[in-house]
Amino acid sequence: MYRHGLRRFAHLTARASRIPAGLLAALLVLSHAAGAAAAEDWPGFRGPNGNGQLLTGLPAGDGELQLRIGWQRTLGSGYSGISVAESMAVTATSNAERDQVMAFDPATGAERWTADLGALTVGVGGSKDGPISTPAIRDGLVFMVSTQGNLVALDLRSGELLWSVHLVEDLGSARPVYGFSTSPVVAGDVVVVQAGGSGGALVGLEARTGTVRWRGFHDRHYAQSPVVTELAGRTQLVAIGSAKVVGIDPTDGAELWNHEHGGVGGFGAESSSPMPVGDDRLFVKHDDERSTLLHIEVRSDESLDVEVLNESRAMTRSYSPPTVWGENVYGYTSRFLSALDLRTGTELWRSRAPGDGFSMAIEGHLFVVTKNNGTAHLGKASSDGWQEIDQVTLFEDLVWTPPSSADGAFYVRSLTEMARVDVVRGQVTNTDQQTQFLPAELKALRQKIEQGQDARVAVDALLEELDGPLIDGERVLFLWRGEAKEVGVAGDMFGFRYDEPMSRLEGTDLWWKQLALDRRGRFNYVYFPDYTSTLDPLHQRTAESTAMGPDLDHRGDEALQMSWFAMPDWPGHKLSVRSRKTQRERGRLESFNVEVEIPPPRRGPGSGGAAQTVTVPVTVWLPPGYDASSAEEGVRYPTVFALERYAIPLGDWPGTLDAVVGDEVVDRVAPLIGIMIDAPDGFYGRRGGGRVGLLVPEVLAEVDKRYRTRADPDGRAVVGALYTGPPALALALGEGRLFGKVAVQSPFAIDATLPMHRQQIARAANAPRPSAFYFEWAHWDMRSRLEGLVLGDYMKELYELFEAEGYELIGGEVWDSTDWNGWRNRTHLILEAMFPASGTAGDVLVGFDGWLVESSK
C-alpha cells in the first residue's frame, strides 16, 4: 500500500510541477471547494474549504503588510469560533446563567441579536464555561450545537428560532465528558452533525425543517467535526472516528469509502477533523504521535479506493488544527509552529515563535493568534521557516479558538473578548528590544565585547563563577550557552506544555531569559535548544519528573530529566531533613514479591473478561532493634505504606526513615515498619493511579504474616502523592477502611473529581475518622498556563471540603513545587504526623510552620 501510494504520488508531483506555484495553490483549493459560500466569507468551522484557508483577502498595493485593531469588545466565556458570512458575524458565548448565540456587525462589532442556547455550560476538567461548537451559516440560516446537545436553526437576520432537535433526547446520542463540541456543516439542503449514538455517528437533517434524512457511520465520537469537500469528482462528507476515516454521500448518507486509520489519543482521532489539501487528498491527524496523507481514487468499477501516501510525526501532540498553502501543511507540533512537505511527509521546520496558538492561511501568508500572550501575528507561508511581518497585542486572557477571516479582516476571540484585526499596507518600524531590556550583567558583557574583548573569553568569565541561574533577590537570569537556532526555558514556574523563548546576546552563543520569582520558591527547570530538552550544564542538581515527559506533556514511557534551584528564602535551606548528616544505626531492607489477582472491571473496556494476576514487588524497611526485640515481649510495630512507586528511587524513603525513625526518647518518630511497592505500569500515572488501591489488601496481608505488625487501623498509615493521593484517601475513609491514618501530597483533584470526593465524605459520615490526617499541596503545583489551569486551586478546594466536615487536618499550602523533588523535603514531617514518638501529634509539627504559605502572610 505505501509503495503503491508513493508511486501514485510521484505522478501527482510531476504533474503539479508543470503548474506555476501561485496558480497551483489556488487550483488545489478550488478543486475541492464544493458548495462553498462566497469566496470572501468564512461560513463555519475551518472556513469555506474546511482547511483554515482563504485564497484572497490581503490588500493590494505597495508597502509592508501591517496589522491594526479594527474593533474590540467584551464577550462572555466560550470556545466557539466566529463565523462570518452574508454580512453577519456569529459566535456562541455565555453569561452568568445561560449559553447564547450572538450576532454582530462585522464592520463595527455592534451587536445585532442574541438567541438563547440553553443552560450555562459549566466547564469540567479544567475547561472554562461556555459553548464549544462553531456555528454554520448558509442561505440566511444559522446552525449551532449546544454542549448539552441542542441543535438549533436560527434566522440569520433576527435570531428567531426556526427549529431544534436534541441530539440526546431525540436522537439517542451520548453526551461526551466535555459536552458536544462538534461543529455542524451544510451540504446542499442538508445540515450534518457528528453526534454519535447507536443509530450512527453522523446524522443528516433537512436544513429547513430539522427532519432527519439519514444516519450513518458507526464509530465512536468525541470532539470531531466533519467537512464537506470534493474528492474523486464527487461531493463528499468526510469524517474521522475513533477507528476509521470515511467518505459519505451527504444526500443520503451512503458510505463511499472507509479507511481504518489505526490511531488513538486526545490530540489525534478524538479531536480531529480531516483536512482537504487538494488533488483528491486528505491530511488527517489520526494519532497523538502520527499524521497521515490519504489519496482517494476511482477504481475501474467506479467505486472509490484509499491510498496512504505517507505518514509523519509532524502536526501531532496539539489540539490546534493545521492549515495548508500550496504543498505545505502549517500548524503545531506540540507547542511549536511547524511546516510539513505534503509530497514527502518531511517536517520542513519548527519555530518557537510566535508562540503556541492557532493558525490559518491566506494568500501566501499565515495568520496566527497565540494562546497565552493574546497576540496576533502575520507572516509568510514559507518552506524556509517562520518569517514574521507584523504583530499586534489583543487580549490579556487565554485564547482557545482558531481565527477566521472575511472581507479582508481577521476575527479572533479569547475566552472573554473578541476583536476584528484589519490588514493595511505601510512602513514597519523595528526597535532594538534587546538593548532596551538587557539585564545589567549582559549590558556589561556586551560593552566588553564592543571594546574589543574576545566574545568567548568574556562569556567564559561570566559563567565560570555560576552554579545554575544567576539569582539576585527576586531576579533570576537563566543562561544557556551553545549553538542553536532558538532556545527556550521551561519549568515549574510555567507548568505543562509551555516554554518561554530565550534571547541570544548578539555576537555570542549565549542565550538568556530573565524572570522575577518569589524568594521562597524552589523550581525544577529545563532548557530546550532546538526543541530537545537539555539539563543546565552549569550545575549538577537534577530531578526526574514523574508528571511531565520530554515534550512537557503528561509523562508516558520516557522521563523528563530536569535541573533545579532554590531561591534565597526557600524554607528547605533550613528545614529539609536531607541536609542533616548523622552517624547512627540504619534500618534494614528486605524485598519480596506478592502475586495479586485483579478482577475484571465492572464496566468499560475489559469488563466481563478474566481476572488478571499481577506481580507486585514489595520493599520493607525494618527499624533498628527490630531483630533484637521478640514477639514474646509483645513488641509490635505500626506500619507506613507508601503507594507511590518512586518512593525509593526518587523520594529516598529508606534514607529518611534511617534519619528520623529510632528510639522513642531520642527521635521524634516512633519505631515503625515502612512498606514500599512498585506495581506494574498500568497502576500508576494519570490513567492508572486510581487502581493501585486494588493491590493493597493482599500486600498488607502478606506483610502482616511476615512481620510483627499492628493489625488495627490506627496502627497503619497510608501515604499517596498526586495520582495515588485519591486511592490513599479511599483506603482510610469509610466503614471498611484498612488504614486509620493517611497522608497525601498534591492529591490529584480537578472539578470533575470533586463530586466523587463529596460522595466519599458523605458515605464516611458515620465511620471512624482518621486519627492522623496530613494534607499538603505546593504553591507551584501542577499547572498549565495555556489552559489557565492550576491544580493547586482544586487541591485547596478538596482540603476545604474535609475541613468543612470537621476533619482535623495537619497541612496546607507549602512553599515548594510539585513532584518528588519537592515532596521528599517533608517525608520526615509525614512520618512524625503519623506516628510521633510522644504518642500524639502536636498542632504544628516542628519545622512545618516554616513551610506553610499561610504562616508567611
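This briefing describes selected strands, helices and aromatic contacts of the structure above. The model is a predicted one. Among its elements are an open sheet of 4 strands, a strand, β24, whose 6 residues are buried, and a helix, α10, with 7 of its 8 residues buried. The aromatic pairs number 31.

**The four-stranded sheet**

- The order of the strands in this open sheet is β2-β33-β32-β31, and their pairing is antiparallel.
- Because β2 (64-74) and β31 (404-406) each have a single partner strand, they stand at the edges, and one side of each is left without a neighbour in the sheet.
- From one strand to the next, the twist averages 25°.
- Strands β32 (residues 409-413) and β33 (residues 417-426) run antiparallel and are joined by 5 bridges.
- A409 has D422 as its bridge partner in β33.

**An aromatic pair between β2 and β32**

- Aromatic pairs in the model come to a count of 31.
- In one of them, W71 and Y411, the ring centres are 6.4 Å apart and the planes stand at 55°; the pair is therefore tilted, as this angle lies neither under 30 degrees nor over 60.
- The pair connects distant parts of the chain, since W71 belongs to strand β2 and Y411 to strand β32, 340 residues apart.
- W71 has a relative accessible area of 8% and is therefore buried.
- Y411 is likewise buried, its relative accessible area being 1%.

**Strand β24 and its two hairpins**

- Strand β24 (residues 328-333) is mostly covered, with 6 of its 6 residues buried.
- On one side of the pairing, β24 is joined by 3 bridges to strand β23 (residues 323-325), and the two run antiparallel.
- W325 stands opposite N328 of β24.
- The hairpin of β23 and β24 has 2 residues between the strands, and G326 takes a positive phi near 60° there.
- Strand β25 (residues 336-341) is also antiparallel to β24, with 6 bridges joining the two.
- Y330 has A339 of β25 opposite.
- The hairpin formed by β24 and β25 has 2 residues between its strands; S334, in the turn, has a positive phi of about 55°.

**Helix α10 and its surroundings**

- Helix α10 (residues 725-732) is mostly covered, 7 of its 8 residues being buried.
- The buried residues of the helix are G725, P726, P727, A728, L729, L731 and A732.
- These buried residues pack against three helices and three strands: α9 (696-706), α11 (754-763) and α12 (791-804), together with β47 (716-721), β48 (741-745) and β49 (772-780).
- Just after α10, a positive phi of about 100° is found at G734.
- P755 lies in helix α11.
- Its relative accessibility is 36%, so P755 counts as partly exposed; the buried class requires under 20% and the exposed class over 50%.
- P755 and L798 are 43 residues apart along the chain, and their C-alpha atoms are separated by 10.0 Å.

**Aromatic cluster and charges over rings**

- One aromatic cluster is formed by F478, F523, Y525, Y527, F565, W780 and W815.
- R335 lies over the face of F528, at 4.6 Å from the ring centre.
- The face of F592 has R706 over it, at 3.9 Å from the ring centre.

Terms used: Residues are numbered from 1 along each chain as its sequence is written. This is a predicted model: local features need pLDDT of at least 70, side-chain atom pairs count only at pLDDT 80 or more; totals for chains, interfaces and linings use all residues. Side-chain values use heavy atoms; hydrogens and water are left out. Two strands pair if DSSP finds at least two bridges between them. Axes are lines fitted to C-alpha atoms, for helices over the stretch in contact, and angles run from 0 to 180 degrees between N-to-C directions. Buried means under 20% relative accessible area, exposed over 50%, partly exposed in between (1.4 Å probe, protein chains only). Contact means heavy atoms within 4.5 Å. Rings of Phe, Tyr and Trp (its six-membered ring) pair if their centres lie within 6.5 Å; planes under 30 degrees apart count as stacked, over 60 as edge-to-face and the rest as tilted. A charge sits over a ring if NZ of Lys or CZ of Arg is within 6 Å of the ring centre and within 35 degrees of the ring normal.
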